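Trainee: I'm new to this one. Could you walk me through it and show me how each label is earned?

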Amino acid sequence: MVGAAITKKNRKFAEYPNFTEKKTYRPEGVKETGLAFIGHEISEDGKTMNQLLHYDQLYTIRHGWNSKFFKGLLEGKIWGTKCPKCGDKWVPVRTHCWNLDCNLEKTEWVEMPLTAKVHTWTIAGWSGRSSLKRLPIVLVYAVIGESKVAIANELYGIDPWDVEFDMNLKIVFKPREERSGIVTDFHFEPTNNWKPSPMNEEKERIKQLVEPIYGWVKTLK
Ligand SMILES: [Zn+2]
């Protein structure tokens with residue numbers, strides 16, 4: 001008989017962790033009902049139907065080798081990774097170096113400074129319901145420390161028309177008891193000594209685009 005026997009390999013990459021430190025943010029009264037159709041409504045003229053789907057699932061996001069970054073957020077720290085061969089650093093973190101010469105070298109953890117620079121940004125004039133009253137929102141891609149990549153987050157404390165490329169930012173964390181180990185535990189703000197540059201044609205153009213949003217938000221209850 002030709003051919004090799006196929007043997008099942010039970011390769012185990014890591015032991016199952018023993019989770020001893022738990023915290024739940026789940027609102028009171030939410031039940032694990034999974035996906036369920038919980039009702040429907042039909043319009044008066046009988047032409048339109050809405051189906052009500054209750055969507056309540058518990059997801060577990062295992063951060064694996066990236067866990068230190070998310071644990072760091074709980075502590076008000078930004079951890080990045082660094083390639084021991086070429087020295088490149090990353091936030092968001094990479095577990096292995098992306099430079100071809102480094103042959104997927106495993107990276108090391110390095111604590112990053114709580115300072116960043118604007119790489120690029122956008123001004124959101126619309127959002128999900130939970131953020132409508134905070135519009136307009138400035139979303140930046142910012143480079144933390146010497147990172148080779150940028151991370152997205154909100155920029156507070158600035159009029160949207162005053163944002164500039166490469167402007168210096170600081171990272172501001174929520175109070176410790178409000179942190180959940182997620183990227184919204186922090187946001188960006190301009191550094192303390194920052195002053196907006198004088199108005200110019202482009203800033204005026206953005207200001208005119210953004211001003212109706214402030215007016216509209218005031219009408220929200
Ligand atoms: Zn490298």
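Mentor: Sure, starting with a rule: buried means under 20% relative accessible area, exposed means over 50%, and partly exposed is in between, with a 1.4 Å probe and protein chains only. Keep in mind that this is a predicted model, where local features need pLDDT of at least 70, side-chain atom pairs count only at pLDDT 80 or more, and totals for chains, interfaces and linings use all residues. Residues are numbered from 1 along each chain as its sequence is written, and side-chain values use heavy atoms, with hydrogens and water left out.

Trainee: Why is W126 called exposed?

Mentor: W126 has 61% relative accessibility, and the cut-off is over 50%, so W126 counts as exposed. W216 comes to 33%, which falls in between the two limits, so W216 is partly exposed.

Trainee: What makes W126 and W216 a tilted aromatic pair?

Mentor: Rings of Phe, Tyr and Trp (its six-membered ring) pair if their centres lie within 6.5 Å; planes under 30 degrees apart count as stacked, over 60 as edge-to-face and the rest as tilted. By this rule the count comes to seven aromatic pairs. For W126 and W216 the centres are 5.5 Å apart and the planes make 45 degrees, hence a tilted pair. W126 lies in the loop between β6 (115-124) and β7 (137-144), and W216 in helix α2 (residues 201-218), so the pair ties together parts that are 90 residues apart in sequence.

Trainee: What makes something a helix or a strand here?

Mentor: Both are DSSP runs, numbered from the N terminus: helices are H or I with at least four residues, strands are E with at least two.

Trainee: And why is the pair of F69 and F70 called edge-to-face?

Mentor: Their ring centres are 5.0 Å apart and the planes stand at 90 degrees; the label needs over 60. F69 has a relative accessible area of 4%, so with the limit for buried at under 20%, F69 is buried.

Trainee: How do you know how many disulfides there are?

Mentor: A disulfide is a pair of cysteine sulfur atoms within 2.5 Å. A search of the whole structure finds zero of them. As for two of the cysteines, C83 has a relative accessible area of 0% and C97 has 2%, so both are buried.

Trainee: How do you know that β1 and β2 pair?

Mentor: Two strands pair if DSSP finds at least two bridges between them. Strand β1 (residues 34-42) and strand β2 (residues 49-56) have eight, in the antiparallel sense, and H40 has Q51 in β2 as its bridge partner. The two strands form a hairpin with six residues between them, and G46 in the turn has a positive phi of about 75 degrees.

Trainee: What makes β4 and β5 edge strands?

Mentor: Three strands form an open, antiparallel sheet in the order β4-β3-β5. β4 and β5 are the edges since each pairs on one side only. Strand β3 (residues 78-82) and β5 are joined by five bridges, with I78 opposite M112.

Trainee: Which side chains of β9 are buried?

Mentor: In strand β9 (residues 168-173) they alternate: L169, I171 and F173 point to one face and are buried, while N168, K170 and V172 point to the other and are not. β9 also pairs antiparallel with β6 over three bridges, and with strand β10 (residues 186-190) over five. In that second pairing I171 stands opposite F188.

Trainee: What is unusual about phi and peptide bonds?

Mentor: Most residues other than glycine have a negative phi, and most peptide bonds are trans. N103 has a positive phi near 50 degrees, and L104 has one near 55 degrees. N103 sits in the loop between β4 and β5; at 64% relative accessibility, N103 counts as exposed. The peptide bond from V91 to P92 is cis, with omega near 5 degrees, and another cis bond joins L135 and P136, with omega about -5 degrees.
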